[in-house]
Amino acid sequence: MSGSQIPLELSISLEAACELSVQCWRLKRLSEFAQDANTKGVLRHAVRHMTEMLEKLDIQVVDLTGRVYDAGMVQEVIEMRQDAEMADGCAMVEETVAPTITWRGQMVHRGQIVVRRSGAASRESREVRE
C-alpha cells in the first residue's frame with residue numbers, strides 16, 4: 001500500500017475497544033452535568049454517535065447504578081457503605097465507578113461499583129445511644 005492509500009477498515013484490539021467504551025461512558029456522565037445547553041447538546045451528540053459505533057462492534061456498556069446488588073455479581077466492589085435506614089438484607093449499587101463492558105454478551109471488562117447495604121449493626125448502635 002502506498003502512502004496515499006488509506007484503508008477503508010481498521011481493526012482494533014478488544015482492550016482498545018473497552019477503553020474507548022469506558023471513556024464514552026465517562027463523557028456521557030460529564031454531559032449530564034454540563035450547565036451550558038449548547039455544550040450539553042454537543043456532548044450528547046458525540047456520545048450518541050460513539051455509542052452507535054460501539055454497538056456496531058457488538059459492544060455494550062453496563063452501568064449498574066440503582067440496581068439491586070447480589071454478592072454473585074462479577075463487578076469489583078471498591079467500597080461497601082452501611083445504611084442504617086435500609087431494610088435488613090437489602091443492598092444496591094449506589095455508584096458505578098467504572099462500567100462493565102460486554103462484547104457479544106460476554107463480559108470483557110469487569111466494572112467497579114460502590115454498594116450501599118443495610119446496616120443492622122449501625123442501627124443497633126444508634127438505638128442504644130437514643
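Which residues lie nearest the centre of the second largest pocket? In this predicted model, for which local features need pLDDT of at least 70, side-chain atom pairs count only at pLDDT 80 or more, and totals for chains, interfaces and linings use all residues, those residues are Cys24, Trp25, Lys28, Thr51 and Val61, among the 14 that line the pocket. Residues are numbered from 1 along each chain as its sequence is written, and side-chain values use heavy atoms, with hydrogens and water left out.

The protein contains three helices and six strands, arranged along the sequence in the pattern α-α-β-β-β-β-β-β-α. Helices (H or I, at least four residues) and strands (E, at least two) are taken as DSSP runs and numbered from the N terminus. Of the 130 residues in the protein, 25% are buried; buried denotes a relative accessible area under 20%, exposed one over 50%, and partly exposed a value in between, with a 1.4 Å probe and protein chains only.

The strands S1, S4 and S5 form an open sheet in the order S1-S4-S5, with antiparallel pairing; two strands are taken to pair if DSSP finds at least two bridges between them. S1 and strand S5 (106-109) stand at the edges with a single partner strand each, so one side of each has no neighbour in the sheet. Neighbouring strands of this sheet are turned against each other by 35° on average, direction ignored; axes are lines fitted to C-alpha atoms, for helices over the stretch in contact, and angles run from 0 to 180 degrees between N-to-C directions. Four bridges connect S1 with strand S4 (residues 100-103) in the antiparallel sense, and Val61 has Ile101 of S4 as its bridge partner. The antiparallel pairing of S4 with S5 comprises three bridges, and Thr102 stands opposite Met107 in S5.

A further open sheet of three strands has the order S2-S6-S3 and mixed pairing. Its edge strands, S2 (76-83) and S3 (91-98), each pair on one side only. The average turn between neighbouring strands of this sheet is 20°, direction ignored. S3 and strand S6 (residues 112-118) run antiparallel and are joined by six bridges; Arg117 in S6 is the bridge partner of Ala91.

Two residues other than glycine with positive phi were examined in their loops. Most residues other than glycine have a negative phi. Asp58, with phi near 65°, is located in the loop between H2 and S1 and is partly exposed, at a relative accessible area of 33%. Arg104 belongs to the loop between S4 and S5, a hairpin with two residues between the strands, in which Arg104 takes a positive phi near 50°. Arg104 is exposed, with a relative accessible area of 58%.

The largest pocket encloses about 370 Å³ of space. On a 1 Å grid over the protein atoms alone, a pocket is an open set of points where a 1.4 Å probe fits, with protein on both sides within 12 Å along at least five of seven lines, and lining residues have an atom within 4 Å of a point. Grid points are joined across faces, edges and corners, and the volume is the space filled by probe spheres set on the points. The lining of the largest pocket comprises 15 residues, with Ile12, Ala17, Met53, Leu54 and Leu57 closest to its centre. Helix H1 (14-33) and helix H2 (37-56) are the elements that give two or more residues to this lining. By class, the lining of the largest pocket divides into 12 nonpolar residues, two polar and one charged, where Ala, Val, Leu, Ile, Met, Phe, Trp, Tyr, Cys and Pro count as nonpolar, Asp, Glu, Lys and Arg as charged, and the others, Gly among them, as polar.

The second largest pocket has a volume of about 260 Å³. Its lining receives two or more residues from each of H1, H2 and strand S1 (59-62), and H1 gives the most, with six residues. The lining of the second largest pocket consists of six nonpolar, three polar and five charged residues.

Cys24, one of the residues nearest the centre of the second largest pocket, is buried, with a relative accessible area of 4%. Cys90 is partly exposed, at 33% relative accessible area. Zero disulfides, defined as pairs of cysteine sulfur atoms within 2.5 Å, are found in a search of the whole structure.
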